[in-house]
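Trainee: Hey, got a minute? I'd like to walk through this one with you.
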Amino acid sequence: MASPLRSLVNDDSRYQKSFQLFLERSSEHQCMQDFIHNILPDILTSVGDGKSHLNVIGVGSGAGEIDLEIFSELHKKHPGVTVDNEVVEPSSQQLHNYRVLASRKPGLDYIKFIWNKMTASEFEEHWKEKKMTKKADFIHMIQMLYYVKDPEATINFFHNLLDKNGKLLIILVSAESGWGKLWQKYRNQLSNTEISQCVTTGDIKTFLDSKGLSYQSYELPSEMDITECFTEGDEKGELLLDFLTEVLNFSQTAPAELKAGVLDLLRQPNCSVESNGRVIFNNNLGVIVIDQLS
């Protein structure tokens, strides 16, 4: 039977609202920044193999804050290099925010931005139609594989675009996070069948191992305050529940049994800890870096 639940991604303005609240309540961006400034520089050292021009693709780049942090490290490692940056982002609002951010940030003249208002699969179609032969030196897909139909096919396509010594960076929730536990139990009831949605780094590693691809992986500790989720009718709590379940108006539309089950699971010790009267959700991320060695 088709689920009566609608996916949060069907309502862009509510999605953006709940996403903003998620960023305020979680240490998501902080843990990514720690990774970008402390671990990523070593990974970027061998990218490009001494070339004076690099091709970068950001898939699902959002408003660009994380992209520009990555570029600051890339530029430090390869100071004289110019960059073509293909930005792939389906939300007009996010693309607009990225353009504004890039126009205000000094010192980006070494980057040529190529704006693609499209999904990853539309970009793939567009690339194949144009018979593009350009190769990429660095591709990043940060928190976006939930929104594609087939994460494995998406990874395959972008991995094949890598030049020798190129790297593909994937960041997703960790299989060990509260998200992993929530999806393990309720994937079938919550999941939107049009997109993969409930995918973790654990799933991606299983796929890469089956293909014999070499990669490195890292765990990034992160947490999120979800206390208001347990107060009936709290507006912020409802937005956070929408974000956690990826269901539009979850509190109003989910069957009572599903809602009770989800709220119960969110309080379990393998999902959250209670500290000073707050409920802190395990929002750990996983990073996978796939190499192109040939």
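Trainee: How many residues does helix H5 have, and how far does it reach from its first C-alpha to its last?
Mentor: This is a predicted model, by the way. Helix H5 covers residues 92–104, so to speak 13 residues, and reaches 18 Å, close to the 18 Å expected at 1.5 Å a residue.
Trainee: Cool. Which residues in H5 are buried?
Mentor: Gln94, Leu95, Tyr98 and Ala102 are buried. They sit on the same side of H5, because they cover an arc of only 100 degrees around the axis.
Trainee: Why would residues a few places apart point the same way?
Mentor: An α-helix has 3.6 residues a turn, so residues three or four places apart end up pointing the same way.
Trainee: And what about the other side of H5, which residues are exposed there?
Mentor: Ser103 and Arg104 are exposed on that other side.
Trainee: OK, what covers the buried residues of H5?
Mentor: The cover includes helix H1 (12–25) and helix H4 (65–77), along with strand E2 (82–88) and strand E3 (111–116).
Trainee: New topic: what's the phi of Gln143?
Mentor: Near 50 degrees, which is a positive value in a residue other than glycine. Most residues other than glycine have a negative phi.
Trainee: Where does Gln143 lie, and is Gln143 buried or exposed?
Mentor: Gln143 lies in the loop between strand E4 (136–142) and helix H7 (151–160). Gln143 is buried, with a relative accessible area of 16%.
Trainee: What about Asn249, what's the phi there?
Mentor: Phi of Asn249 is near 50 degrees, also positive in a residue other than glycine. Asn249 is in the loop between helix H10 (235–245) and helix H11 (250–253), and is partly exposed at 28% relative accessible area.

Terms used. Residues are numbered from 1 along each chain as its sequence is written. This is a predicted model: local features need pLDDT of at least 70, side-chain atom pairs count only at pLDDT 80 or more; totals for chains, interfaces and linings use all residues. Side-chain values use heavy atoms; hydrogens and water are left out. Helices (H or I, at least four residues) and strands (E, at least two) are DSSP runs, numbered from the N terminus. The expected span of a helix is 1.5 Å times one less than its number of residues. Buried means under 20% relative accessible area, exposed over 50%, partly exposed in between (1.4 Å probe, protein chains only). The arc is that of the directions from the helix axis to the C-beta atoms. Contact means heavy atoms within 4.5 Å.
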